[in-house]
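Work through the exercises below with the sequence and the 3D view side by side. Try each task before reading its solution.

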Amino acid sequence: MKTLQQDLLQVNMTQQARGQDFLALYNMTLYLRSVSEAQAHRINGLSLQLDKNQQQIGNISNAVSLTACASSYKSLPAHSVILFSNIKTSIGVPDASSFKTNGIFRCPSAGLYLITVTMTSGTFDAGFFVYINYKIKFNGFVAKHSPTDYTDFQNFEHTGTISVTARLEVNDTMNVQAARNISISAWNSCLSITKIK
């Protein structure tokens, strides 16, 4: 009987030990679950940050901006393309070198563009046109002053600026042309075109 009691006591102690083992395993499972949930939350946050970074990289890689100015004083006939061959900034414009020689901007990426043209001229009633795909879309005006007000047109220069937005598609073209026979000063005669969206 004593051995039976000892055996029962041994079984009871073994059962209690197994119960303690089971409780320890259960607590460890709860701990690992909380760690796993924290890691999943952290991974989700990192995934969102990665998506945001990729979007920013995409936006940077889609950036398009060109700023160029006239390189010297020129007299131009009506409807001639005005060359802005002194490039100040060129981002995402693969054909900037051809723009320098022909004055035609070819859109590399579809989007909404801000186009700013500033023209300095001493010509009476000077003006210019912004062409998109070889059609006049916008016109700019420098100044209308009396030609009797001066004797040296280079000392009587005025500046006119237009800023417009236009939706451009890939390979659309844009250029600036003289509205009439005009003189163009290299001082502050510039074009800037930037993709804004």
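**Exercise 1. Find the residues of the largest nonpolar core that touch the most other members, and name the elements that build this core.**

Begin with the core itself, bearing in mind that the model is a predicted one. The largest nonpolar core holds 33 residues, and those touching the most other members are Phe-105, Ile-115, Val-117, Met-119 and Val-176. Next, look for the elements that give two or more residues to this core: helix H2 (96-102) is one of them, and strands E1 (65-69), E5 (111-121), E6 (127-132), E8 (158-168), E9 (173-178), E10 (182-184) and E11 (190-195) also belong to the list. Finally, follow Val-176 outward, leaving aside neighbours within four places in sequence: its contacts include Val-117 and Met-119, as well as Ser-80, Val-81, Ile-82, Phe-84, Phe-128, Phe-129, Val-130 and Leu-191.

**Exercise 2. Describe the order of helices and strands in the protein chain, and state what share of its longer-range contacts join residues at least 24 apart.**

Count the elements before ordering them: the protein chain has two helices and eleven strands. Read from the N terminus, their order is α-β-β-β-α-β-β-β-β-β-β-β-β. Then turn to contacts between residues at least 6 apart in sequence, of which 73% join residues at least 24 apart. As a last step, consider burial, where buried residues account for 32% of the 197 residues in the chain.

**Exercise 3. Decide whether Ser-189 is buried or exposed, and list what surrounds it.**

First locate Ser-189, which is found in the loop between E10 and E11. Its relative accessibility is 0%, and because buried means under 20%, Ser-189 counts as buried. Now list its surroundings, not counting residues up to four places away in sequence: Ser-189 touches Ala-68, Cys-69, Ala-70, Phe-84, Thr-118, Met-119, Thr-120 and Ile-184. To finish, examine the side chain of Ser-189, which reaches the backbone oxygen of Ser-185 at 2.5 Å.

**Exercise 4. Work out where Asn-181 lies and which residues it touches.**

Asn-181 lies in the loop between E9 and E10, and with a relative accessible area of 52% it is exposed. When residues up to four places away in sequence are not counted, Asn-181 touches Leu-76, Pro-77, Ala-78 and Thr-123. For Ala-78, look more closely at the atoms, since a polar atom of the Asn-181 side chain lies 2.8 Å from the backbone nitrogen of Ala-78. Then compare sequence with space: Asn-181 and Ala-126 are 55 residues apart along the chain, while their C-alpha atoms are separated by 8.0 Å.

**Exercise 5. Examine the surface, finding which residues make a nonpolar patch and how many salt bridges the whole structure has.**

The protein chain exposes about 12300 Å², of which carbon and sulfur atoms supply 56%. A nonpolar surface patch of about 420 Å² is made by Phe-22, Leu-23, Tyr-26 and Leu-30. Of these, take Phe-22, which has its place in helix H1 (residues 2-61) and is exposed, with a relative accessible area of 59%.

Now turn to charge. Side chains of opposite charge can pair when their charged atoms come close. A search of the whole structure finds one salt bridge, formed by Arg-167 with Glu-169, whose closest N and O atoms are 3.4 Å apart. Check each partner in turn: Arg-167 is exposed at 52% relative accessible area, whereas Glu-169 is partly exposed at 37%.

Technical notes: Residues are numbered from 1 along each chain as its sequence is written. This is a predicted model: local features need pLDDT of at least 70, side-chain atom pairs count only at pLDDT 80 or more; totals for chains, interfaces and linings use all residues. Side-chain values use heavy atoms; hydrogens and water are left out. A nonpolar core is a set of buried Ala, Val, Leu, Ile, Met, Phe, Trp, Tyr and Cys residues joined through side-chain atoms within 4.5 Å. Buried means under 20% relative accessible area, exposed over 50%, partly exposed in between (1.4 Å probe, protein chains only). Helices (H or I, at least four residues) and strands (E, at least two) are DSSP runs, numbered from the N terminus. Contact means heavy atoms within 4.5 Å. A polar contact is a pair of N or O atoms within 3.5 Å; within protein, one must be able to donate a hydrogen and the other to accept it, and residues adjacent in sequence count only if both atoms are side-chain atoms. Accessible areas come from the Shrake-Rupley method with a 1.4 Å probe; for residues, only the protein chains shown count as cover. Patches are made of residues with over 30% relative accessible area and no salt bridge: like charges are joined within 9 Å, nonpolar side chains (Val, Leu, Ile, Met, Phe, Trp, Tyr) within 5 Å. A salt bridge is a side-chain nitrogen of Lys or Arg within 4 Å of a carboxyl oxygen of Asp or Glu.
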